[in-house]
Amino acid sequence: MKPGLHAGYSITIETEVTPEMFAQFEGEVVHRTYSTVTMIYHLEWASRQIILPFLEDDEEGMGVSVSAKHLAPAPQGSKLKIQAAFIEMKENQIITDVFVFMGSKLIGKGEVIQVILPKSKIDRLLGRQEIMKEDLS
C-alpha cells in the first residue's frame, strides 16, 4: 500500500433512501424502510473508499468481515450520511469503523475488515475456486 493512511482518516458518502433499498425478500417488500442488507452494502462501500487512494496498481482489497447493528429505521426519502474511519492496519488487514446517520441520529454502525492482497494472488484464489467447482460437478 502507498503511504499516508493514518488513524482517523475518514470519508463520508451520502445517499437518499429509495424503494430499491427497502427491506425485501425474493422481491416482496417487507418494510418500506432502509434495509439492513443495503446498510451493509454501504458499510462496505464506504470502507472501500478508505483504501482506494492507497492501493498500489498491483493490489486489491477484499472484504473478510462485516459486523453491523441496525439501530433505527429510515423511510423513503431519508437523506443518509455514511461515515467510515480508518482504525488500524494489522498485517495486511484494514479495519474501519462505519456509522450511518439520518440527520444527527445514528441509525446504524459497524466494523469492516478488508484484506489487501496482490491481484495475482486473488486471481489464483479465484481460479482455484473455479477448478474446485468443476471437480464437484
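In these legends a residue is called exposed when its relative accessible area is over 50%, buried when that area is under 20%, and partly exposed in between. All views are drawn from a predicted model.

**View 1. A salt bridge between Lys79 and Glu16.** The closest N and O atoms of Lys79 and Glu16 are 2.9 Å apart, and the two residues form a salt bridge. This pair links distant parts of the chain, since Lys79 belongs to strand 5 (residues 79–90) and Glu16 to strand 1 (residues 10–16), with their positions 63 residues apart in sequence. Lys79 has a relative accessible area of 57% and is therefore exposed, that value being over 50%. Its partner Glu16, at 38%, is partly exposed.

**View 2. A salt bridge between strand 4 and helix 1.** Glu60 and Arg48 form a salt bridge in which the closest N and O atoms are 2.7 Å apart. Because Glu60 lies in strand 4 (residues 59–70) while Arg48 lies in helix 1 (residues 36–51), the pair ties together parts that are 12 residues apart in sequence. Glu60 counts as partly exposed at 22% relative accessibility, and Arg48, with a relative accessible area of 25%, is partly exposed as well.

**View 3. A salt bridge between Glu88 and Lys90.** Here the closest N and O atoms are 3.8 Å apart, and Glu88 forms a salt bridge with Lys90. Glu88 has a relative accessible area of 33% and is partly exposed, as is Lys90, for which the relative accessibility is 46%. The count of salt bridges in the model comes to 4, and the pairs shown in views 1, 2 and 3 are among them.

**View 4. The aromatic pair of Tyr9 and Phe54.** The model has 1 aromatic pair. Tyr9 and Phe54 form this pair in an edge-to-face arrangement, with 5.2 Å from centre to centre and 80° between the planes. Tyr9 lies in the segment before strand 1 and Phe54 in the loop between helix 1 and strand 4, so the pair ties together parts that are 45 residues apart in sequence. Which of these rings belongs to a buried residue, and which to a partly exposed one? Phe54 counts as buried at 9% relative accessibility, whereas Tyr9 is partly exposed, with a relative accessible area of 22%.

**View 5. The largest nonpolar core and the surroundings of Leu80.** In soluble globular proteins, nonpolar side chains tend to be buried together. The largest nonpolar core of this model has 26 residues, of which Tyr34, Leu80 and Val100 touch the most other members. At least two residues of this core come from each of strand 1, helix 1, strand 5, strand 6 (93–102) and strand 7 (105–118). Helix 1 gives the most to the core, with 5 residues. Once neighbours within four places in sequence are set aside, the residues in contact with Leu80 include Ile13, Val17, Tyr34, Ala74, Val100, Phe101, Met102 and Ile107, together with Glu14 and Thr15.

**View 6. Positive phi angles at Glu26 and Glu91.** Glu26, although not a glycine, has a positive phi of about 50°, and this residue lies in the loop between strand 2 (22–25) and strand 3 (28–34). Glu26 is exposed, with a relative accessible area of 86%. Glu91 also has a positive phi, near 55°, in a residue other than glycine. Glu91 lies in the loop between strand 5 and strand 6 and is exposed, with a relative accessible area of 77%.

**View 7. The span of the annotated domain.** The unreviewed UniProt entry places the feature "domain: Fluoroacetyl-CoA-specific thioesterase-like" at residues 17–119. In the model this span is 17% helix and 57% strand, and its end C-alpha atoms lie 34 Å apart.

**View 8. Helix 2 and the confidence of the C-terminal residues.** Lys121 lies in helix 2 (residues 119–136) and is partly exposed, with a relative accessible area of 35%. From C-alpha to C-alpha, Lys121 and Gly63 are 15 Å apart in space, while in sequence they are 58 residues apart. The average pLDDT of the protein chain is 93, and 93% of the residues score at least 70. Over residues 133–137, however, pLDDT stays under 50, and for these residues the model has 0 contacts beyond four places in sequence. Where pLDDT is low, the predicted coordinates should not be read in detail.

Terms used. Residues numbered from 1 in each chain as written. Heavy atoms only, no water. UniProt positions renumbered as here; feature names shortened; annotations may be inferred. Helix = DSSP H or I, 4+ residues; strand = E, 2+ residues; numbered from the N terminus. Salt bridge = Lys/Arg side-chain N within 4 Å of Asp/Glu carboxyl O. Buried < 20%, exposed > 50% of the residue type's maximum accessible area, 1.4 Å probe, protein only. Phe/Tyr/Trp six-rings, centres within 6.5 Å; stacked < 30°, edge-to-face > 60°. Core = buried A, V, L, I, M, F, W, Y, C linked by side-chain atoms within 4.5 Å. Contact = heavy atoms within 4.5 Å. pLDDT = per-residue confidence, 0-100.
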